[in-house]
Amino acid sequence: MFRSATCALILAVIAVPVVSAADTQPIQRSARITVDLQQPGEPVPAGLYGIFMEEINQGIDGGIYAELVRNRSFEEGVLPPGMKLVTKDNGELRMELQKLPDGVPEEKWDMPWPWFMNCGWDPGRELVGWSLKKQGAATGEIELTEANPMNAASSRSLRMRIDTGDGSDAAVSLINEGYWGIPLVKGRLYDLTFHLRPGTFQGRLVATLQAMDGAVLGQHDVGVVQAGNQWKKFTARIAATGDNPQGRLVLTFQGRGDLQIDWISLFPPTWKGRPNGLRPDLAQLLADLKPDFIRYPGGCYAQGLSWEQAPDWRKMVCDPVERPGMWGYWKYRSTDGFGYHEFLQFCEDIGADAMYVVFCGMTVHPENNMPLDEIGPVIQQTLDAIEYAIGPVDSKWGRVRARMGHPEPFPLKYVQIGNEHPPAIYGDYYVKFREAIKAKYPDLTVVMSMYWSGLNHGAIARAGDENIDIVDEHAYRAAGWVRNHFDYFDRYPRTPWKVYVGEYAAHSQNGDWNAAMDDSVFLMMMERNGDLVRMASYAPLLCNVNFRNWGVNLIEFDAARSFAHASYYVQKMFNENRPDVNLATSQDELPKPDPNSPLLAGQFGLGSWHTHSQFKDLKIYDAEGGLVYSDGFDALDGWQPVCGQWSVSNGVLRQSDQAIGPSMILLDKPELQTGKVTVQARRVEGREGFLMFFHTHGIQRYMFCNYGAAGNRHLAIQGRPADGTNLTGGRATDRGIDLDRWYEISLEVTKDSARMYLDGELVSESRVERLNSLFSQAGYDRARNEVVIKTTNYHAQPVIAEIELAGAERVAATGRHIVIESASPSDQNTLDQPLRIVPAEKRLENCGRKFTVTLPPYSVNLLRVPAE
């Protein structure tokens, strides 16, 4: 019997592939990259590289917007207008629309996939960020109230009942822990603002900055508060006397009575010192990208759940205390402290053009659209937004802009109509907006939204090519997609309109080096199709590590620290080294892969997931049907138990540990390359069924047939293929595995496919394709008379590349080689290792019409060579 108590440790030590002597020989890789200076291609657009700012992942509130107090105006629990709360059968509260337009059948009222996932409602959120502490003999309580609102934007405030008696040690403290901590830095000044309606309260109030253990790291004595029924604003500047990344704001009361408090704000020093400004480290990371434009505010945020809940920029061009905020689709409320005005100001500050995405009368619910003949006021709201940004100072909204401190126009250049609307009728809405905008502002570029992947051909047909400036295609791609789609934009139909890739990202883990290499290839694809793709912006941009709505993001942070993922540095390097025009580029690589090599070769094994399972009568056949191995399970000879409790008895292989998931036992020989495996299997007890492992290459790389996946609901091929390959298919059959029944399970493997059977019935199949592993594209920088070559090497080995600059008359002897690399595709930057993957530069020697350069394993390379 074999028994394992620590599955992960055993896997790491034992689950290694059988490696032949030939496999240990290092692979010598080489390539020839030819760049023809006499064949210029399409220009690389000057406005290609932008960024997209949306309130998602607590990226603005709790992120780049420097406000440190969470839920500062106690509005977090306000239900969005146009929505109602419904208790579902499982007891959960969810938001649903109060109504839909006439003619929409009631069965379509539920929020459809995927938007329904953001309609959950947590009633405990209303006081998120806040808590009450009572000291000594004090009594106190808090509750939200709609009585005596502070102003028209405030629908509720916090009522406090306080009685600290006569004891000097008695106190009641209102505590805010910020967005997972308030970072305190010794010597830093913090600006505190709050509004108080004393009511019957009389007593003292002290504001302190504290560590989580209560140590005071800054204090301001507000003094005696007298009873009264008028709201009063209090301000103070508090100097921190110590460092603490997880601080909190504490307002401590001593006295008696009931009071109301609202709009409690704490700001650290901001980027460029602007009031109501931005967190310096995050703002500087964005400024350092030198983006050509900024898209704002969405994304789904711009659509709204209901008509009434959609963003209204007019509520954002006033004192922040007068902004009501809004429920922001991504399951939390936005203060709109970083609003339309602040967006425009930030664009100006970093030298970027502005793209404003407007609500177009269509919400995230595909059926919840305003009647087309009633969208006049929404169009006017868009025209007013444009006037606020670029209208003359004597216009209605130009005067408001001047009152906000900015009489000069802002750099608004683009207006996008809605976001990701699937109905074809969106084309009619777009045309109405475009006609109105172009009639008054003919120089603005009007962007037509597409769906979240690919084109909305129905909407394009309804709008007509002649009415479209540019379309916004979104491109969230799985890891590896770009490697076999390098010609995606080459094959794109050319029409009068252009393409803006408004949201793109390769998805691998949480944004690892593999994703960044994919993004580098995608950027090459867009650069070399500059006649078509004019603009692009990665998404999402910002993510608080404590609140992740989206898996892959460009920049992450907590309360005190921040880091940029490797894709950030790839985009920054490409943007800083953008050529003016593409040059014809070709490459040839050696050794070439064997087209007949089995892509799914590897060790075979058996296992289960939290299940006592049994196996018998194993047979393995080669591709011609010849029997190459059989096992009646008289002993464990020839098997590597990796994880679980394995034994044999009476010709049956047993795995009896239900606490292990997955259990695994691997066959030493033969390696399964192509052929067929059959075995009898039985589920004795436990949560799921049984597993057949194949293509096993260690703990991180294996495929498996999962009989009884997801709590014994599905049959499917799952797992991760080897580096340099991509898996497709793997459809699941909805079926479970019965207890105490012997099944025949079988697997057929070809050089590039796997088929899974249950009792002779095909239940799942997958294919694997070899991925290209070297990509190159070159251009010419006319201002510097330099050839710019960008090349990405996915290989685990270095590539010795011979560069030929065909048609060059003069080539300098030296150039520059900027490289971003990492030891493994799964590496990534983190809060603890923020600079693990960053660019490094070295001198490029011995340049000429032909020269050689080494491209490191897993690297993105940029070569600059002076040449004419």
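This is a guided tour of a predicted model, arranged as a series of selections to make in the viewer.

**The barrel**

Begin by selecting β3, β16, β19, β20, β21, β22, β23 and β24, which are the 8 strands that close into a barrel in that order, with parallel pairing. Averaged over this sheet, neighbouring strands are turned by 30 degrees against each other, direction being ignored. Next add helix α9, residues 566–576, which packs on the sheet and touches β3 (49–52), β23 (498–507) and β24 (533–538). The direction of α9 makes about 145 degrees with that of β3.

Within the barrel, narrow the selection to β21 (residues 445–449) and β22 (residues 470–478), two strands that run parallel and are joined by 3 bridges. To find one place where they face each other, label Val447, which stands opposite Ile470 in β22.

**The second largest cavity**

Stay with β19 and add α4, since β19 (353–358) and α4 (376–390) each supply at least two residues to the lining of the second largest cavity. The volume of this cavity is about 80 Å³. Which element gives the most to the lining of this cavity? That element is α4, with 4 residues. To display the lining, select Pro297, Ala302, Pro311, Trp313, Tyr356, Val357, Val358, Phe359, Val378, Gln381, Thr382 and Ala385. Colouring these residues by class shows 10 nonpolar and 2 polar residues, with no charged residue in the lining of the second largest cavity.

**The largest cavity**

A search of the whole structure finds 6 cavities of 30 Å³ or more, and the largest cavity holds about 170 Å³ of space. Centre the view on Asn71, Glu76, Arg333, Ser334 and Thr335, which, of the 20 residues lining the largest cavity, lie nearest its centre. When the lining of the largest cavity is coloured by class, it divides into 6 nonpolar, 6 polar and 8 charged residues.

**The second largest pocket**

Turn now from cavities to a pocket, the second largest, in which about 770 Å³ of space lies. Of the 34 residues that line this pocket, those closest to its centre are Arg274, Pro275, Asn276, Gly277 and Pro320, and these make a convenient selection on which to centre the view. Then show β11 (189–197), β14 (232–239), β15 (244–267) and α3 (340–350), the elements that give two or more residues to the lining of the second largest pocket. The largest share of that lining comes from α3, which gives 5 residues. By class, the lining of the second largest pocket consists of 15 nonpolar, 10 polar and 9 charged residues.

**From β15 to β8 and β7**

Keep β15 on screen and add β8, for β8 and β15 pair in the antiparallel sense over 6 bridges. Here Leu158 has Ile261 in β15 as its bridge partner. Extend the selection to β7 (residues 139–145), which runs antiparallel to β8 (residues 157–163) and is joined to β8 by 7 bridges. For this second pairing, label Gly140, which stands opposite Ile162 in β8.

**The strands around β44**

Move to β44 (residues 761–770), which is joined by 5 bridges to β40 (residues 725–729), the two strands running antiparallel. Asn726 stands opposite Glu769 in β44. Now add β43 (residues 753–758), which also runs antiparallel to β44 and is joined to β44 by 6 bridges. Along this pairing, the bridge partner of Arg755 is Glu765 in β44. What do β43 and β44 form, and how many residues lie between them? They form a hairpin with 2 residues between them, and in the turn Asp759 has a positive phi of about 50 degrees.

**Two single residues**

Select Asn712, which lies in helix α10 (residues 709–712). Is Asn712 buried or exposed? Asn712 counts as buried because its relative accessibility is 17%, under the 20% limit. Leaving aside neighbours within four places in sequence, show the residues in contact with Asn712, which are Arg683, Arg687, Glu688, Arg735, Gly736 and Ile737. A C-alpha to C-alpha distance drawn from Asn712 to Trp609 comes to 10.0 Å, although the two are 103 residues apart in sequence.

Finish at Asp594, found in the loop between β28 (581–590) and β29 (603–608). With a relative accessibility of 42%, Asp594 counts as partly exposed. From Asp594 to Met53 the C-alpha atoms are 45 Å apart in space, and the two residues are 541 residues apart in sequence.

Definitions and conventions: Residues numbered from 1 in each chain as written. Predicted model: local features only at pLDDT ≥ 70, side-chain atom pairs only at ≥ 80, totals over all residues. Heavy atoms only, no water. 1 Å grid on protein atoms, 1.4 Å probe; cavity = no way out; pocket = protein on both sides within 12 Å on 5 of 7 lines; lining within 4 Å. Points joined across faces, edges and corners; volume = space filled by probe spheres on them. Nonpolar A, V, L, I, M, F, W, Y, C, P; charged D, E, K, R; others polar. Pairing = 2+ DSSP bridges. Axes fitted to C-alpha atoms, helices over the stretch in contact; angles between N-to-C directions. Contact = heavy atoms within 4.5 Å. Buried < 20%, exposed > 50% of the residue type's maximum accessible area, 1.4 Å probe, protein only.
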